[in-house]
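Biologist: Can you pull up the model so we can go through it together?
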Number of protein chains: 2
Amino acid sequence: MESADLSLPKLSHWPLHIVSENNFPTAAGLASSAAGFAALVRAIADLYVLPHDPSFLSRIARQGSGSACRSMFGGYVSWEMGVEEDGSDSLAQQVAPASHWPEMRAAILVVSAAKKGVSSTAGMQATVATSELFSQRAAHVVPLRVTRMKAAIRERDFATFAEITMKDSNQFHAVCLDTSPPIFYLNDISRGLIRLVEELNRVAGKLVAAYTFDAGPNAVIYYLEDNKEWVMALLKTCFEGVPGLEDVQGKGLGEEFNIWLVKAVFGGVSRVILTGVGDGPEKVEDKSLIDEFGNPKSVAL
Amino acid sequence: MESADLSLPKLSHWPLHIVSENNFPTAAGLASSAAGFAALVRAIADLYVLPHDPSFLSRIARQGSGSACRSMFGGYVSWEMGVEEDGSDSLAQQVAPASHWPEMRAAILVVSAAKKGVSSTAGMQATVATSELFSQRAAHVVPLRVTRMKAAIRERDFATFAEITMKDSNQFHAVCLDTSPPIFYLNDISRGLIRLVEELNRVAGKLVAAYTFDAGPNAVIYYLEDNKEWVMALLKTCFEGVPGLEDVQGKGLGEEFNIWLVKAVFGGVSRVILTGVGDGPEKVEDKSLIDEFGNPKSVAL
């Protein structure tokens, strides 16, 4: 039996050499750990030929980072809170695949890649424990907004999508501020970016862009491909020369745009990442992060 | 009858020449208009020998600036909201005279004397209309806190006074942020000052200071005379050379204080006003703001 074990070892007895690379600023409130853990869980599932059902893998991924459960799916994803007190039945579900509304774009404005002062997990625990407004948000505001948001995605209704996105970002940061001691993720540049998006929508005469901020000062601006020119004009006017905007064509904003708002964010954005709705983790055969000697290597991402 | 009217005119037919001077930064969210309107109403009441009941004058003063109703009183004052839909029965009441707890001090840190982006009245109307957390605050949180705060003042309980002061300041700014579009009064310096006061309390091992921010970025720090050394050490360490601190004696903070928090507010405070609990508007006989020719003159305040 011993020799048989040696000649045919169980795969699960082998140690794993894992190399991970991330092209996103880490620990900056941009869900880089969610992306990393989703990729890790999917890679291990591939290695051991485990079932690929994203709901199953989602439960595993969220043990590494709560929001990693969302990142197992592509497209538009909802993180359902479940009914169990301990959150054990909390899981992510796809609302719609990327192909349902492929025109959705996101511009990520990296305000600061500095580490967060408060981890998002510890911060949320403090908010739940001490904010006297949190229960109102959790019990009454969020459930209605989630229902409306799912309907907006199903109907490809950008105006409603944008309105809820902005309101809910602000309310999340409001309950952070209502925490004892208060938690601040937004800074003066973040607030300047909010004002810029509001001004853009005012000048456009409709909602062409929506801001949202996670547990950090960096902005994500959602927009539809149809309104790309508006957002690119904004970025070009405010952040000319910032890495990530090299290929942006087109002209700046018109005279009616309040130039003081532009000056308020000058120099406050270090990088722009232009992306869009896409699929979940993908297996890439030809881009190993381990070289032929077993050492880590970097790949151009 | 005509000649009788000319020789003995009714006082109320005479126009008034009013000169007002304010030693507080105006339109900066520091209730300068409340102080001004309270002084104006009291001066006119003196002129016409009207009843001096502060509750009566308070109703008149609040027509100029809502918070002016509080400023008619000295000491510790509560602004009661009343039960009428239109706020017509909203009035201020004295919780305790200054002599009940005369040890209360306030350091006002003027972060920026720039005009507010949003008037506090317009801002509050927008918050009531659009914040989905405001009703929870108004109906459930504030009434309990007001009751606890009055008890804390009656019992001269600084720890409770400080806890409620800080929590309620944060929650006020939270519902401002939950407004659509969001209202920002705090800036990065304000947030830095919050962190400084938290650090001071941590190093002191008890609540020696409490911050609060009204509709602007400027901080008011409350402390008791007994803990003056702690607050003066903080101010001296952070704001040496800033106008208003010329007479502050004593040493800086110890080594255990996190120096990075000090650096975060460096250069962000332009003036410090050291004051304390006091009486309401006072008639000053010897300091007229009108000279013998009827022209305005300035008095050293």
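Modeller: What follows takes the chain pair, then the fold, the sheet and some backbone details; the model is predicted.

Biologist: Start with the pair. What rotation and shift put chain B on chain A?

Modeller: Chain B superposes on chain A after a rotation of 180° with 0.0 Å of shift along the axis, at an RMSD of 0.1 Å. That is how a two-fold axis relates copies.

Biologist: Which C-alpha of chain B is nearest the axis?

Modeller: That of Ala174(B), 2.1 Å from the axis.

Biologist: How many residues does each chain put into the contact?

Modeller: Chain B gives 22 residues and chain A gives 22 residues.

Biologist: Which helices of chain B supply at least two residues each?

Modeller: Helix H6 (134-154), helix H7 (158-177) and helix H8 (188-204) of chain B do. The largest share on the chain B side is from H7(B), with 7 residues. By type, the side of chain B that touches chain A has 9 nonpolar, 6 polar and 7 charged residues.

Biologist: And why say the copies meet through the same surface?

Modeller: Because 100% of the interface residues of chain B are also interface residues in chain A.

Biologist: OK, on to the fold. How many helices and strands in chain A?

Modeller: Chain A has 10 helices and 6 strands. Its radius of gyration is 21 Å, close to the 19 Å that the globule rule gives for 301 residues, so chain A is as compact as a globular protein of that length.

Biologist: What box do the C-alpha atoms fill?

Modeller: Roughly 80 × 45 × 40 Å for chain A, along the principal axes.

Biologist: How much of chain A is buried?

Modeller: Buried residues are 37% of the 301 residues in chain A. As for contacts in chain A with a separation of 6 or more, 63% come from residues 24 or more positions apart.

Biologist: Now the sheet in chain B. What is the strand order?

Modeller: The order is E4-E5-E3-E6 in chain B, an open sheet of 4 strands with antiparallel pairing. Strand E4 (210-213) and strand E6 (271-276) of chain B are at the edges with a single partner strand each, so each has one side without a neighbour in the sheet. From one strand to the next, the twist averages 25°.

Biologist: How many bridges join E3 to E5 in chain B?

Modeller: There are 6 bridges between E3 (residues 104-110) and E5 (residues 219-224) of chain B. Within that pair, Ala106(B) is opposite Tyr222(B) in E5(B).

Biologist: What does H8(B) touch on the sheet?

Modeller: H8(B) packs on the sheet and touches E3, E4 and E5 of chain B, its direction making about 160° with that of E4(B). H8 of chain B also supplies at least two residues to the side that touches chain A.

Biologist: Backbone oddities next. Which residues does the cis peptide bond in chain A join?

Modeller: Ser180(A) and Pro181(A), with omega about -10°. Pro181(A) is in the loop between helix H7 (158-177) and helix H8 (188-204) of chain A. In chain B, a cis peptide bond joins Ser180(B) and Pro181(B), omega again about -10°, and Pro181(B) is in the loop between H7 and H8 of chain B.

Biologist: Where is Val49(A)?

Modeller: In the loop between helix H2 (32-47) and helix H3 (54-61) of chain A. Phi of Val49(A) is near 50°, positive in a residue other than glycine.

Biologist: Is Val49(A) buried or exposed?

Modeller: Val49(A) is exposed, because 8 other C-beta atoms lie within 10 Å and 12 or fewer counts as exposed.

Biologist: And where is Arg156(B)?

Modeller: Arg156(B) sits in the loop between H6 and H7 of chain B, with phi near 50° as well. Arg156(B) has 13 C-beta neighbours inside 10 Å, so it counts as partly exposed.

Technical notes. Residues are numbered from 1 along each chain as its sequence is written. Chains are lettered from A and ligands numbered from 1 in the order in which they are written. This is a predicted model: local features need pLDDT of at least 70, side-chain atom pairs count only at pLDDT 80 or more; totals for chains, interfaces and linings use all residues. Copies are superposed by least squares on the C-alpha atoms of residues with pLDDT of at least 70 in both. Two residues are in contact if their C-beta atoms, placed from the backbone, lie within 7 Å. Ala, Val, Leu, Ile, Met, Phe, Trp, Tyr, Cys and Pro count as nonpolar, Asp, Glu, Lys and Arg as charged, and the others, Gly among them, as polar. The radius of gyration is taken over C-alpha atoms; the globule rule is 2.2 Å times the number of residues to the power 0.38. A residue is buried if 20 or more other C-beta atoms lie within 10 Å of its own, exposed if 12 or fewer, and partly exposed in between; C-beta atoms are placed from the backbone. Two strands pair if DSSP finds at least two bridges between them. Axes are lines fitted to C-alpha atoms, for helices over the stretch in contact, and angles run from 0 to 180 degrees between N-to-C directions.
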